[in-house]
2 protein chains.
Amino acid sequence: MSAPFSTLDAFRSLLANCVAPDQVALDGAAARNGQLTKPPGALGRLEDMAIWYAGWRGTARPEIAAPQVIVFAGNHGVTAQGVSAFPAEVTEQMVINFQHGGAAINQLARTAGAKLSVHALELDRPTADFTQGPAMSEAELVTALATGWEAVAENTDLLVVGEMGIGNTTAAAALAAALYGGEAEDWVGRGTGVDDAGLATKARVVREGLAANPGRGGLEVLRCLGGRELAAMAGAIARARSLSIPVILDGFICCAAAATLEAAEAGALDHALAGHVSAEAAHAALLGKLGKEPMLSLGLRLGEASGGALAINILKSAIACHSGMATFAEAGVSDG
Amino acid sequence: MSAPFSTLDAFRSLLANCVAPDQVALDGAAARNGQLTKPPGALGRLEDMAIWYAGWRGTARPEIAAPQVIVFAGNHGVTAQGVSAFPAEVTEQMVINFQHGGAAINQLARTAGAKLSVHALELDRPTADFTQGPAMSEAELVTALATGWEAVAENTDLLVVGEMGIGNTTAAAALAAALYGGEAEDWVGRGTGVDDAGLATKARVVREGLAANPGRGGLEVLRCLGGRELAAMAGAIARARSLSIPVILDGFICCAAAATLEAAEAGALDHALAGHVSAEAAHAALLGKLGKEPMLSLGLRLGEASGGALAINILKSAIACHSGMATFAEAGVSDG
């Protein structure tokens, strides 16, 4: 659908009026969980995830039949500062690789039984170098948010968003530093593989970006220090909330984009789980700020929605157990 | 196939002559991994797993098409000591639940695309109470090992083994204490959910079992303190090695059974990954003794092969990326 906002204030209002989980479904799912043929709590976090998912889907016995993975791609003016181990043209080359099925996310989405959508956002028009001023105008931000909003299929029952954008770990570090404070060094990492000098450059660029963009507030930070693909992820996550579609977050960049929503409206990420904790240095700290415990910790640091997609089958497994297992009464098993 | 051993010594000889991974395949897989369209190392542990799997399968570009999950069930004389929160008849009730598709493992195997096999081992004939002497005779152990050996389908390309057996966390704790030393309290846990008094009982029973069975060596320990389903898991893991089929280990009980193979022959578990670390208290320590880093940590403590089955899709994802992604040259992507 066409996004129901054309200004940032209208998007803010949507966030402020976001839906809550269904308490009847939560209660029903918790009751069902207690009757399944296993010792109480023996499925660990799978049980919590299943009840959580049931609440968002509004039914005590849900299924996951149509997960969607969306990768948004954007280019960043800040690459002129030498913040990445790869040249900026790799963003577009990787989009083509996604379209031809050659990337990790193609394989991960397929293994998860998820539909993969790829949206390239004006790759020939990088955002402005945020060391010189805002990365985007308000109109540019709204357009990117709307791209994300419109990318979510209405029949989806689980959403994973991810990104491709050379330079975007620097943007994500700047977002985190602006939202949570601390030193630039606390939030930068090696991204695709920069050396120590590259890491120092990233910290300098983040500091300069913060100095050049003193404004605060989640969406203003997203506009000034983010990028089109980060804004599109935020728009998609907000759209999923409006449709009561649970979300699995990917890595550092995805979580930094998501964090701007939470900063704009506390609770805006209640419908989102952390798919994994990546090897990007500050991701664990960022998850801590968001209060999210990751489902996986396998040292990934790829982006592209890869960690989120990898976690889909974990949540599918949780839902399959919850909705498909027999109860003690049905199976004639003695309840301890 | 019929097991090629009818004595414990013959089984020992098979272990001593177990196959190694294919170095050419390992080298080829490592070379391929370095050419895929991602920054070096960006898929983290998925890359290591894919290369490892390739080595065991003898091809640089393997696939996982036919995973098998096997659950072995057995009963334990030691339940007479009051070591479980559930009555012993639950073992058979749960086997029927497996056969009717009502248990967690049915859902987890299905979600993983794995064939599920269930083998109940003489449930009407529990092992002897090991506080009074050996749980099994040598003939009983060999029969159980052979059941496991024969349960592995030859066309399987990934094996997960698990168990059902009321009382078997106590047997597993006794195995670990016998193999690695320490106090009984270091190895017992709450199993299906015993209280503090139950936990103290389990520690006492383990101590009495060790005192009543002073023999050592991996397979002798398995005979004296194990159980039929534990021996069957060991037999299946050994059979998988003989067929170069990689294995994903399940939780504490599975790993304790597997540890007897490693104690009998160092390296006997080189073809096995740890699927998860469970909430059973001593599982993390046991994995440490085995030198295995778990793929998942989600607080499961169910057994039934559940954690191993949950990990199948992680390994499938690793292999899908490794064998299905494009190289930089194929995709025309600039290599950093």
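Reader: Which residues does A:A331 touch, not counting residues up to four places away in sequence?

Author: Contact means heavy atoms within 4.5 Å. By that rule A:A331 touches A:T37, A:A326 and B:N97, with residues up to four places away in sequence not counted. This is a predicted model, in which local features need pLDDT of at least 70, side-chain atom pairs count only at pLDDT 80 or more, and totals for chains, interfaces and linings use all residues. Residues are numbered from 1 along each chain as its sequence is written, chains are lettered from A and ligands numbered from 1 in the order in which they are written, and side-chain values use heavy atoms, with hydrogens and water left out.

Reader: In which helix is the place of A:A331?

Author: Helices (H or I, at least four residues) and strands (E, at least two) are DSSP runs, numbered from the N terminus. A:A331 lies in helix α15 of chain A, residues 328–331. A:A331 and A:A103 are 228 residues apart in sequence, and their C-alpha atoms are 44 Å apart in space.

Reader: How many residues of chain B are in contact with chain A, and what area is buried between them?

Author: Buried area is the accessible area (1.4 Å probe) that two parts lose on being put together, summed over both. Here 53 residues of chain B contact 53 residues of chain A. The buried area is about 4,000 Å², and carbon and sulfur atoms give 66% of it.

Reader: How many residue pairs in polar contact, and how many salt bridges, are counted between the chains?

Author: A polar contact is a pair of N or O atoms within 3.5 Å; within protein, one must be able to donate a hydrogen and the other to accept it, and residues adjacent in sequence count only if both atoms are side-chain atoms. A salt bridge is a side-chain nitrogen of Lys or Arg within 4 Å of a carboxyl oxygen of Asp or Glu. Between chain B and chain A there are zero salt bridges, and 16 residue pairs are in polar contact, both residues at pLDDT 80 or more. The elements giving two or more residues to the side of chain B that touches chain A are α3 (45–57), α4 (89–99), α5 (104–111), α14 (306–324) and α15 (328–331) of chain B. Of these, α14(B) supplies the largest share, eight residues.

Reader: What lines the largest pocket?

Author: On a 1 Å grid over the protein atoms alone, a pocket is an open set of points where a 1.4 Å probe fits, with protein on both sides within 12 Å along at least five of seven lines; lining residues have an atom within 4 Å of a point. The lining of the largest pocket includes A:R110, A:T111, B:P62 and B:N313. α14(B) gives the largest share of that lining, six residues.
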